[in-house]
Amino acid sequence: MAKVKVKSLTKRYGAVTALDGVTLDAESGELISLLGPSGCGKSTTLRCVAGFLSPDSGDISVNDQSIVSTPSNRRDFGVVFQNYALFPHMTVAQNVGYGLLFRKIPKSEHGPRIENALRMVRLTGLADRLPKALSGGQQQRVALARALVIEPRLLLLDEPLANLDARLRDEVRWLIREVQQQSGTTAFYVTHDQAEAMAISDKVAVMKSGKVAQFATPRDIYQRPSERYVADFTGEANFLAARVLDASAGRFRIEVAGQTLDVPGVASLKAGDTAELLLRPESLSLDMDGASPRSLFTGVVSKAAFLGASQHCEISLGTGGVLKLAAPPNTSIAAGEQVGISVALEHAWLMPEVKP
Amino acid sequence: MTDARKWQLLLGIPAVLLLFVFLIMPLAGMVEMSFRTAGSNAPYGDGFTAVHYARVLGDGFYMATLLRSLVTAAIVTLLCLIVSYPLAWHLSTARGGKALFLYACIASPLMTGVLVRNFGWMIVVAIDGPLNASLMGLGFISRPLRVMFTQGLVIMALVHVFIPFMVLPINNALRNINPALSEASLSLGASRLSTFFRVTLPLSFPGIQPGVILVFVLSVAAYVTPALLGGQMVNLMPTLIIRELTGTFAWPFGSTLAIVMSIATLSIVVAFSLLTARLMERVRA
Ligand SMILES: Nc1ncnc2c1ncn2[C@@H]1O[C@H](COP(=O)(O)OP(=O)(O)O)[C@@H](O)[C@H]1O
Ligand SMILES: [Mg+2]
């Protein structure tokens, strides 16, 4: 059981600031994802936590004890690498049992523990194979078993699914989550795939050039993002420029596209601020009979594509701006049609305008 | 036969010819010569005999020399490995300009001719040379050491010149090891030392094996360095062989010595390869 805190971590490589005050924490047994585009500092954060890198400043603590000066072989953390990093000259069993060699565990217990770990990742009968005789998915399972067999205080995974094909990725993703929850191990999980992060995490840290842009539950980063960057990175999003007229306790009266609306939003906004209104495609619906009384906006269909389960539409608004939305598969929509758009306002979200 | 296949064969011809003319033919000639009878007023006689082999294998002097040659080569190889490994490690972590500079330093023994290099050693270790002068100046010794014409000097000089043959393949193998493997080992609780012996060392074996074989073979066959720095005091096989071939003009007997030395060397190389085949099979990518 380990509670992990990462506080104001910074790391510079010459002129490049890889980490600029990264702060995170995980309660015991939680899985925390680090999500962001390539180069935003996810791996650097994870490598600092693992002890492969030492941060320039900041602190990392486990159960309120600082470990920044503890060498990686004393941290008792299990690490799973993107390229598996299995020892090629050792069999599956030797790989999984490797960590036991350096612990005070009687030799007679090694066999059962290795077997148990392999069963946990649902890999049996391959104990005597060499890694090169395994598929990618099997190799990643071995890597997971090897990291878990030592019963680590913290499990660190750096894009563990990146080298797997789509079908396997799903399977191994759920396996990781299941095993992590079963063993109650606290985990940090690095990924650039928002769907992956949201599906398996208790909390997600969305990273932006060395900083944590938002650290919250999957639902919050999707429905209540702190800024446009987070909204964009977590899924399809529409943004409309807005102005705050009145603010009270997280509810805002705003002016947007010539209308006055009441919407929820980021608490720090004040009357007079310029802001951006987030409308997720699923909070919008088309009114096919032109503009109905329910319609908030009207516009012209500029693009319609049939995707199977839904249709992707883009609507150019009369007041400027474009809204993307998903229409039901069986309504007939053609480019050039005049349509109205209804909005589920309780699912709209107002965010401060952040200059890039 | 396809066109591509034809070209492949055509392109292979020069190499095959070269091998045939400069390796197979001389070797066959050597084998034939080793079975010739000794000549009275010529380098060899008309008949054939196996008596030279009986003489080499039956005479303690030649067997002792062969053994000395092989042991010396083994010592050179081992020392070379011990000296070269850290160098190779250092080289494998260097990048860009620094790596280039280190490559040049490591290849430097090969850039001077064999005579110049050995003459350099003679100057350094001479009775009144800089080595003795410094050791006496520092008070380590009171009388100059006689280093010239010792087996130690021959070994040292051979280690020096063969270092590049050991460093370069090991460096290559170390560069091919995924750096995440050491990190994985550390994270699992292994110390740096355990990580080295359990992960890095075995995985660098694809470099150690060719390095060891190269240096061993070159050391057994080395002639100029032992002749110049060991003189009459250090008797090794190549010195004996050359003496028979060009000194007493006993070509059949000289050839026999050469063939016996080659077979002994080859057997050791094959045995080493067989013993390490399992490890090689495992660590090959
Ligand atoms: N060893 C290094 N030397 C110089 N710059 C580095 C090094 N490692 C990472 N960086 C830089 O630090 C930033 C963050 O890298 P990284 O943590 O690997 O990103 P991510 O894992 O999110 O893709 C990048 O801009 C990268 O170029
Ligand atoms: Mg990365």
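Let's start with helix 1 of chain A, which gives the most to the shell around ligand 1, with three residues. Keep in mind, everyone, that this is a predicted model.

Helix 1 spans 42-50, and strand 2, at 16-26, joins it in supplying at least two residues each to that shell. So who is in the shell? Going along chain A, ligand 1 is surrounded by A:Tyr13, A:Val16, A:Ala18, A:Pro37, A:Ser38, A:Gly39, A:Cys40, A:Gly41, A:Lys42, A:Ser43 and A:Thr44. By character, that makes five nonpolar residues, five polar and one charged.

Now for the polar contacts. What does the backbone do here? A polar backbone atom of A:Gly39 sits 2.6 Å from an oxygen atom of ligand 1, and for A:Lys42 a backbone N or O atom is 2.9 Å from a ligand oxygen. A:Ser43 uses its side chain instead: an N or O atom there is 2.7 Å from an oxygen atom of ligand 1. As for cover, ligand 1 has 560 Å² of accessible area on its own, and the protein covers 58% of that.

Let me finish with A:Thr45, which is also found in helix 1 of chain A. Is A:Thr45 buried or exposed? The relative accessibility of A:Thr45 is 1%, and the cut-off for buried is under 20%, so this residue counts as buried. Beyond its neighbours within four places in sequence, A:Thr45 is in contact with A:Leu9, A:Leu19, A:Val22, A:Leu24, A:Leu34 and A:Met207. One more distance for you: A:Lys11 is 34 residues away along the chain, and its C-alpha atom is 8.7 Å from that of A:Thr45.

Thanks for listening!

Conventions
Residues numbered from 1 in each chain as written. Chains lettered and ligands numbered in written order. Predicted model: local features only at pLDDT ≥ 70, side-chain atom pairs only at ≥ 80, totals over all residues. Heavy atoms only, no water. Near = heavy atom within 4 Å. Polar contact = N/O pair within 3.5 Å; in protein donor to acceptor, adjacent residues only side chain to side chain. Areas by Shrake-Rupley, 256 points an atom, 1.4 Å probe, with all protein chains shown as cover. Helix = DSSP H or I, 4+ residues; strand = E, 2+ residues; numbered from the N terminus. Nonpolar A, V, L, I, M, F, W, Y, C, P; charged D, E, K, R; others polar. Buried < 20%, exposed > 50% of the residue type's maximum accessible area, 1.4 Å probe, protein only. Contact = heavy atoms within 4.5 Å.
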